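The report below goes from the surface and the fold to the nonpolar core and one sheet.

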Amino acid sequence: MHAIRPLRELALGLGLLLLTPGVAPARELQPLMRGWEQHFSVTWDTVQRRGRLEVEGYVNNRSPYRVGNLRVLVDSLDDSGRIVDQRVSWVLGELGGDSRLYFEVPVAPAARYRVSVFSYDRVSEASLSFP
């Protein structure tokens with residue numbers, strides 16, 4: 001009867017080990033919208049606000065299209081240009097053609113930052129037609 005207990009504990013331990021997800025390196029985030037640079041530009045700077053560091057700036061829409069659900073990706077880089085942190089943040093509002101929207105993203109201290117458009121949805125304009 002005492003021999004069953006160590007086997008049960010071993011089986012339980014192996015089962016838990018198999019159920020535990022492996023530790024794998026996180027994948028680097030990339031913008032979901034390839035070619036976003038054709039339609040948008042981003043201007044930004046770092047600021048200290050209320051005791052925390054932020055990247056703030058504007059997404060400029062150079063296209064004739066209205067977009068919504070816009071998100072920016074802020075990469076925090078070390079001295080050698082390697083990504084040490086990434087943040088994805090919403091840019092509130094809809095962005096009409098040839099206009100801009102403000103954003104601010106809290107960040108950890110880093111040697112430098114890189115900001116890109118992570119994703120967006122093109123908003124179709126509804127048209128009303130009367131008989």
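## Surface and basis of the model

The chain exposes about 9,700 Å², of which carbon and sulfur atoms supply 56%; accessible areas come from the Shrake-Rupley method with a 1.4 Å probe, and for residues only the protein chains shown count as cover. Of the 131 residues of the chain, 29% count as buried, that is, under 20% relative accessible area (1.4 Å probe, protein chains only).

This is a predicted model, in which local features need pLDDT of at least 70 and side-chain atom pairs count only at pLDDT 80 or more, while totals for chains, interfaces and linings use all residues. Residues are numbered from 1 along each chain as its sequence is written, and side-chain values use heavy atoms, with hydrogens and water left out.

## Fold

One helix and six strands make up the secondary structure, in the order α-β-β-β-β-β-β from the N terminus on; helices (H or I, at least four residues) and strands (E, at least two) are DSSP runs, numbered from the N terminus.

## Nonpolar core

The largest nonpolar core (buried Ala, Val, Leu, Ile, Met, Phe, Trp, Tyr and Cys residues joined through side-chain atoms within 4.5 Å) has 19 residues, of which Phe40, Val59, Phe103 and Val117 touch the most other members. At least two residues of this core come from each of β1 (40-49), β2 (52-61), β3 (66-77), β5 (99-106) and β6 (112-123).

## Three-stranded sheet

An open sheet of three strands runs in the order β1-β2-β5 with antiparallel pairing, where two strands pair if DSSP finds at least two bridges between them. Because β1 and β5 stand at the edges with a single partner strand each, one side of each is left without a neighbour in the sheet. β2 and β5 pair over eight bridges, and asparagine 60 has arginine 100 in β5 as its bridge partner.

Note on methods. Buried < 20%, exposed > 50% of the residue type's maximum accessible area, 1.4 Å probe, protein only.
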